[in-house]
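Biologist: Could you take one strand of this protein and walk me through it slowly? I'd like to hear how it sits among its surroundings.

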Amino acid sequence: MKSVLFGLIVALPLVFAQCSKKQDLGGNSEAAQKVYVAPGEHDEYYGFMSGGYSGQMPIYGIPSGRHLYTIPIFSQAPVNGYGYSEETKPMLETSYGFVPWGDAHHPELSQTEGVPDGRWIFINENNTPRIARIDLSTFKTVEIIEIPNSAGNHASSFVTPNTEYVTAATRFSIPIEDGNKDVSIDSYAENFDGTLSFIKVADEGEMSIDFQILVPGYNYDLSHAGKGPSDGWAFYTTYNTEQANTLLEINASKNDKDFIAAVNWKKAAEYAAQGKGKMVEGPHAHNTFDKKTHTATSEILNKVRMLDPRELEGLIYFLPTPKSPHGVDVDPSGRYIVGGGKLATVLPVHSFDKMITAIENEDYETIIDGVPVLNYESVIHAEVKNAGLGPLHTEFDGKGNAYTTAFISSEIVKWSLETFEVTDRIDTYYSPGHLMIPGGDSKKPWGEYLVALNKITKDRYLPTGPELFHSAQLIDISGEKMKLLLDFPTDGEPHYAQAIPAELVTENQVRFYKLDDNEHEYVTKSEKATKVERDGNEVHVYMTAIRSHFTPDNIEGIRVGDEVYFHLTNLEQDWDLPHGFSILGANNAELLVMPGETLTLKWTPQRAGIIPFYCTDFCSALHQEMQGYVRVSPKGSKTPISFGTGK
Ligand code: K7E
Ligand code: CUA
């Protein structure tokens, strides 16, 4: 089998070479009509995509494929000063200090009773393990929590049906038991462990790490929570049960089966509430953005609760699953658990009911580090045949159908949750990773469209040199046969995406911040209140912006070597009236300040002379007039502080 797969991988370039412009692209007028959103009209769905290595979350309208916005999350964003302004820098603090970049993979909407509710969207960061929460009333990142005792936070950030928890897991095992330590890498089997993490989400959304579970040293890849009958459980794929520490493409592809780990999180939560397990070292940053002060703060927490399956019964079980599974997806009924065995010939579907029976009967193959391994034959419900080569991820339409991406054979395969037979397939261009159906991993998929998130672009668009945006393809799944409607380039790498009917988000939209409610430490609520204050070599400029001037716009008495903080409050009180602020030679970025908001840019003048600043956002007919000067005098000069506008 493996040689067949490897042969196909090698043959892929040939396949691409053969793809000509002649495919049936679905580019007929019917498809055009389905995706046409007339000027001034709105899309039906918000599509939230992971930006992958951009560390951000681009948002697209569905079905038009219009790029609506990009939410800055794990990476600094010069476009609006996120991660550069004093208020937002703390969002990127970690136990390793300031980390200006991240690798985002899985956006997941908050849910109520198993259905996306439009309050928040979570997303994981894989490289320096973190989870972010975005408030969908403002599309702002309002919280980031680091996951300690974890290396590569990939199986994240999937929520339980009432958003009780967001789950996470370490992708790479590392020494964990007595903390990460200096050992030989080939002592993997002896010293390396994994962890699964459960991050509690409070009513207002605030996250805290409730507990972690110590698990065998494998790679933990993807996750999904149970629902309906399986509510209370969470499922994680593993690979590298071989425990290889080098050349994993061969050494971690040896076992015919790896595992899906099934965690009884309700039981684990009870254990945690009873104080079971032990508190261990686990330094992690918790960063929160305060709505009233428009300012983020970061704190480092040091301990987490670790539960050990060797001591606590009934926490976790392994379901043998062929072969190096990637995705794990639970169908809307909550009865079936689908593994994406990327090197498997069949698509394994486990039964939750059978799993419970096997647990009750102690139908174990063996026990590994306190984790019972259930018998494959006892838990498997069906093996879907001909589900494509290299199956990765599955979503559902809520009408009894499942859709699986096949990376190697570049297709989406539709199959029935009744007969477990393939009923349709459609080519993708090329090599889809995840796919997304609005609500497709929830209890009630909206199930009208499917978006294939492709890993390889090649010839789909006008070439842009060696680097190409990834492609997404919109497929109509409302009928019996899938139909390709549209494809469009996406920013970064859209690993996964989520979508929700627009009205669930638009009804809560904030259009501007009320100036009266602004409790920022350096807010300036009127031009009269503007001032410039020196404290040693620190200078605070309390500045305002309103069409089309800054107050003050002439500032003198600044000296080389000062640390100048421009605290800019936008006095506008209307929708879509930001003002920007930039100053020559600043070593950071601009500020883009929303109406009613205060943001701060730090500037360290290096040379004496006259330095201009200006508004970067074309805010009015006289935007080009929206400028000012700072006079910078040499170090030690006696030029007094003076400032004003129109004086
Ligand atoms: Cu790209 Cu979910 Cu990170 Cu699969 S992951 S493809
Ligand atoms: Cu304010 Cu341009």
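Modeller: Let's look closely at strand β11 and then at what lies around its partner. Keep in mind that this is a predicted model. Strand β11 covers residues 165-169, and five of its five residues are buried. Here, buried means under 20% relative accessible area. In a regular strand, side chains take turns pointing to the two faces of the sheet. You can follow that in β11: Tyr-165, Thr-167 and Ala-169 sit on one side, while Val-166 and Ala-168 sit on the other, and both faces are covered.

Now for the neighbours. Strand β10, residues 158-159, pairs with β11 in the antiparallel sense over two bridges. Val-159 stands opposite Val-166 in β11. The two strands β10 and β11 make a hairpin with five residues between them, and Thr-163 in that turn has a positive phi of about 55 degrees. β11 also pairs with strand β13, residues 192-201, again in the antiparallel sense, this time over five bridges. In that pairing, Ala-168 stands opposite Ser-197 in β13.

Val-159 leads us on to another spot. Along with Thr-160 and Pro-161, Val-159 is among the residues lining the largest cavity. That cavity has a volume of about 50 Å³, and the structure holds three cavities of 30 Å³ or more. β6 (104-112) and β15 (219-225) each give at least two residues to the lining of the largest cavity. Sort the lining residues by type and you get three nonpolar, five polar and three charged.

Technical notes. Residues numbered from 1 in each chain as written. Chains lettered and ligands numbered in written order. Predicted model: local features only at pLDDT ≥ 70, side-chain atom pairs only at ≥ 80, totals over all residues. Heavy atoms only, no water. 1 Å grid on protein atoms, 1.4 Å probe; cavity = no way out; pocket = protein on both sides within 12 Å on 5 of 7 lines; lining within 4 Å. Points joined across faces, edges and corners; volume = space filled by probe spheres on them. Helix = DSSP H or I, 4+ residues; strand = E, 2+ residues; numbered from the N terminus. Nonpolar A, V, L, I, M, F, W, Y, C, P; charged D, E, K, R; others polar. Buried < 20%, exposed > 50% of the residue type's maximum accessible area, 1.4 Å probe, protein only. Pairing = 2+ DSSP bridges.
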